[in-house]
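Reader: I've got a structure open on my screen and a few things I'd like to ask about it. Can you walk me through what's there?

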Amino acid sequence: MNTVSAANAKPASSTKSPVQSVSWIVPGIHCAACTRSIEKALQKHVDVIDVRTNLADRRVWVAYRDGGNTESVEKAIRDVGFEVVSGDESPVAGFAAERKALLSRLGVAGIGMMQVMMFALANYVASPDGLDEAYEALFRWAGLAVASPIAIFSAMPFYSNALRDLRSGQPGMDLPVSIAILSAFILSLYNTVAGAGEVYFDTVSMFAFFLLAGRYLELLARHRYQADQALMTHLLPERATLKSGDEVAVAMLRLGDEVAVSPGELIASDGVITSGSASIDESALTGESLPVFKTKGSQVFAGTTNSDGTLTVRVETEPDRFVVRELARLYRNSSTYRPAFMSLSDVVARYFVVTVLAIALLTGVGWWLAGSDRWFVIALTVLVVSCPCALSLATPVAYTIALSTLRKLGLLVANGAFLERIARVSQVFLDKTGTLTAGNLSLQEVRLENGERREHVLAMAKALQRSSHHPVARAFDDIDSSLEVIEPEVFPGRGVGGRIGDAVCFMGQVDGLTPPGPTGLWAAMTCDGHLVAWFRFEDRLRGATSELLADFKSLGKKLCVVTGDTSASGRAMLEALGPGEVHIGQKPEQKAQLVAARQSEGEYVLMVGDGVNDTLAMATADTSIAVRPADISVQDAADAVLLHSDIRIIGDVCRYGTRIRQIIRQNMMWAVAYNLLALPLAVSGFLVPWMAALGMSASSLLVVANSNRLLRPG
Amino acid sequence: MEVIFLLVPISLVIVMGSLWAFVWAVRHDQFDDLERESWRIILDEDEGSEQ
């Protein structure tokens with residue numbers, strides 16, 4: 001008799017990381033110098049293992065030792081001069097305050113700027129003899145009166161940021177800007193009191209206005225994306241009603257509690273429906289707008305909406321491990337990803353500021369020696385015109401927008417590197433069961449061996465499948481079983497096993513046993529090594545599959561379908577669609593080996609799968625997408641998770657990835673070109689101050705606007 | 001033309017007034033929802049003026 005050889009199979013376990021991590025939103029971050037000084041300060045902290053920051057949405061993510069103290073890390077950030085908002089709370093409240101403060105400053109600068117221009121006009125249009133002393137003095141003092149609130153109140157953010165940057169040794173663009181505004185104002189103040197010389201109040205006002213306007217628009221754009229992220233964690237209700245009628249806080253739910261859900265209510269917990277049936281709106285989680293009908297035995301998720309039925313749901317997951325929370329965590333972490341070349345541009349940004357200060361000084365001195373009376377104004381222009389901020393913003397903004405757009409399509413990117421990698425894919429590996437097929441396996445046939453009875457065998461199968469997340473388990477949903485499995489064990493890619501009564505039983509793929517029929521997905525059941533029954537399942541290809549394969553072909557990607565299914569009809573089905581290569585009967589290691597073989601031929605591989613038996617191939621492949629996985633551990637293994645089952649969008653995602661790369665390239669080229677062009681123009685005196693301020697703001701806004709093109713998924 | 005020595009300071013007072021008004025408006029959320037007030041006349045309020 002054939003014996004079960006499962007010795008070299010590993011049980012499924014979720015890959016929980018041993019370190020703790022926490023993230024905050026730091027609203028004060030606005031340039032690479034800020035992120036750099038925070039990173040430096042945190043890396044010195046004894047409990048901190050890793051620090052990552054995201055410039056575009058002002059997030060700081062810290063991995064710290066078990067038992068470490070997050071308050072002291074928070075304090076470290078505050079010590080550098082930055083206020084901290086908890087990353088888990090809704091940042092929306094903080095937005096309003098930030099926006100109002102900036103808007104009042106901007107408004108004062110705008111109104112003031114217009115008045116100052118009126119007063120300055122007098123001197124510009126005066127006859128060649130100039131104005132009489134008295135009138136000139138009048139307009140000087142008037143200009144001073146209006147420019148003072150601007151220089152002191154409106155421009156204050158620039159000064160405080162510059163001071164903070166100086167103290168931490170990481171000079172940012174606010175330093176040259178502050179020097180420009182302050183020096184212009186102080187010189188003008190002195191000349192006003194002394195009664196002679198030029199005044200530059202119009203320059204001061206225009207600098208303040210245009211630069212603040214740029215910051216304000218950036219703030220609006222940023223708040224929009226952050227609001228997106230905040231939505232994800234606020235899908236859960238605070239309280240839930242138990243079947244017994246008691247109300248309890250969602251955080252206090254325990255495994256096995258039965259929660260009552262009325263029509264229209266949000267489902268409070270991940271779990272299984274124990275009574276009732278309803279259409280469930282899962283769009284908050286998956287982006288799929290069509291409601292899904294669920295009934296007794298179906299799995300439901302916290303954060304989804306019960307549209308029209310009355311349900312009782314048994315809690316099957318701890319509240320802090322709800323899928324919606326896991327997804328939010330993955331999403332937040334992915335936004336702190338920074339590609340390698342970013343550190344280079346950060347270094348450039350740092351030295352840039354010092355260089356600009358030096359160039360401005362030399363320019364001013366040079367023109368003064370040349371006898372020009374515009375030497376001061378030209379130096380100011382040089383200080384303000386250059387903008388390394390565009391360079392630092394180029395990538396983070398694009399990534400943040402891309403992550404949010406993909407999320408709306410239903411693709412949750414868990415690893416930020418996915419955005420770079422998806423553009424380079426040349427070969428796609430597809431798993432069949434659950435990915436290309438609908439994953440609703442139905443039990444078609446039971447062949448009994450060894451004199452077993454059908455009901456007994458079905459009951460054993462149901463008992464064993466309780467611990468499995470494989471689509472095969474769903475085929476037994478309608479069967480009740482009172483049998484208990486002691487020490488259940490899941491063998492990824494093979495099946496499930498455990499002890500029922502006195503016998504050690506296994507159900508799944510057994511080495512050395514060939515299925516009795518040529519068609520369909522077969523699983524064997526053995527007890528104590530003796531074959532007890534064969535089960536035949538059938539699954540259907542998703543309608544979208546042929547579209548997806550055609551799409552990949554038109555994109556020029558090579559295809560390969562791998563599956564653990566041993567059915568010849570499965571192969572025939574797939575070959576009819578013409579994917580190019582089909583491998584059936586593949587165990588997880590073999591799938592991974594196929595991937596590695598293609599990689600050694602120079603292909604860049606994307607693996608698309610859904611089940612636990614794909615995780616090895618996913619880890620081997622260059623990047624991976626998990627399609628509607630039932631198990632959290634698969635979500636950890638894949639670079640991105642498709643939350644619904646419309647696999648057609650994977651082709652669109654590949655095209656989108658190429659666009660991301662294009663737009664980042666455009667951003668960086670613009671950032672470099674602008675500086676190379678603007679600095680020489682400023683040094684040679686061709687630019688006037690308002691052009692410089694406008695240029696600096698426009699430069700970073702252009703990068704943000706260009707990245708906004710990524711809001712369109714198609 | 002000497003009157004300008006009076007007019008400019010007056011205009012400064014007005015400008016300061018407008019600056020103060022602007023900051024007041026922002027602090028009191030006047031710019032937050034620009035549509036809501038235009039709808040107020042149509043929305044059904046329980047405390048109506050008809051009695």
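Reader: Let's start with the overall makeup: how many helices and strands does chain A have?
Author: Keep in mind that this is a predicted model. Both kinds of element turn up in chain A, and the secondary structure comes to 23 helices and 26 strands.

Reader: And what share of the residues of chain A count as buried?
Author: Chain A has 714 residues to sort through. Its accessible surface comes to about 29800 Å², with 58% of that belonging to carbon and sulfur atoms. As for the residues that count as buried, the share is 54%.

Reader: I'm looking at α5(A) and α6(A). Are they oblique or roughly parallel to each other?
Author: Helix α5 covers residues 156–168 of chain A and helix α6 covers residues 174–194, and their axes are 8 Å apart. The packing angle is about 130°. Angles over 145 degrees would count as roughly antiparallel and those of 65 to 115 as roughly perpendicular, so the pair α5(A) and α6(A) is oblique.

Reader: Which class of residue, nonpolar, polar or charged, has eight members in the contact of α5(A) with α6(A)?
Author: On the α5(A) side you'll find A:Phe158, A:Tyr159, A:Asn161, A:Ala162 and A:Leu166, and their partners in α6(A) include A:Leu175, A:Val177 and A:Ile181. By class, two of the contact residues are polar, one is charged, and the eight are nonpolar.

Reader: What about A:Ser386: buried or exposed?
Author: A:Ser386 sits in the loop between α11 and α12 of chain A. Setting aside residues up to four places away in sequence, A:Ser386 touches A:Met173, A:Phe352, A:Val356, A:Asn675, A:Leu679 and A:Met696. Its relative accessibility is 1%, and buried means under 20%, so A:Ser386 counts as buried.

Reader: How far apart in space are A:Pro237 and A:Val250, C-alpha to C-alpha?
Author: A:Pro237 is in the loop between α7 and β5 of chain A. A:Val250 is one of its contacts, alongside A:Leu266, A:Ile267 and A:Ala268, leaving aside neighbours within four places in sequence. The two are 13 residues apart in sequence, and in space the C-alpha atoms are separated by 7.3 Å.

Reader: I also noticed A:Glu487. What is its phi near?
Author: A:Glu487 lies in strand β17 of chain A. At 56% relative accessibility, A:Glu487 counts as exposed. Its phi is positive, in a residue other than glycine, and the value is near 55°.

Reader: Last one: is A:Asp528 buried or partly exposed?
Author: A:Asp528 is in the loop between β20 and β21 of chain A, and its phi is near 50°. With a relative accessibility of 46%, A:Asp528 counts as partly exposed.

Methods:
Residues numbered from 1 in each chain as written. Chains lettered and ligands numbered in written order. Predicted model: local features only at pLDDT ≥ 70, side-chain atom pairs only at ≥ 80, totals over all residues. Heavy atoms only, no water. Axes fitted to C-alpha atoms, helices over the stretch in contact; angles between N-to-C directions. Helix = DSSP H or I, 4+ residues; strand = E, 2+ residues; numbered from the N terminus. Parallel < 35°, antiparallel > 145°, perpendicular 65-115°, else oblique. Contact = heavy atoms within 4.5 Å. Nonpolar A, V, L, I, M, F, W, Y, C, P; charged D, E, K, R; others polar. Buried < 20%, exposed > 50% of the residue type's maximum accessible area, 1.4 Å probe, protein only. Areas by Shrake-Rupley, 256 points an atom, 1.4 Å probe, with all protein chains shown as cover.
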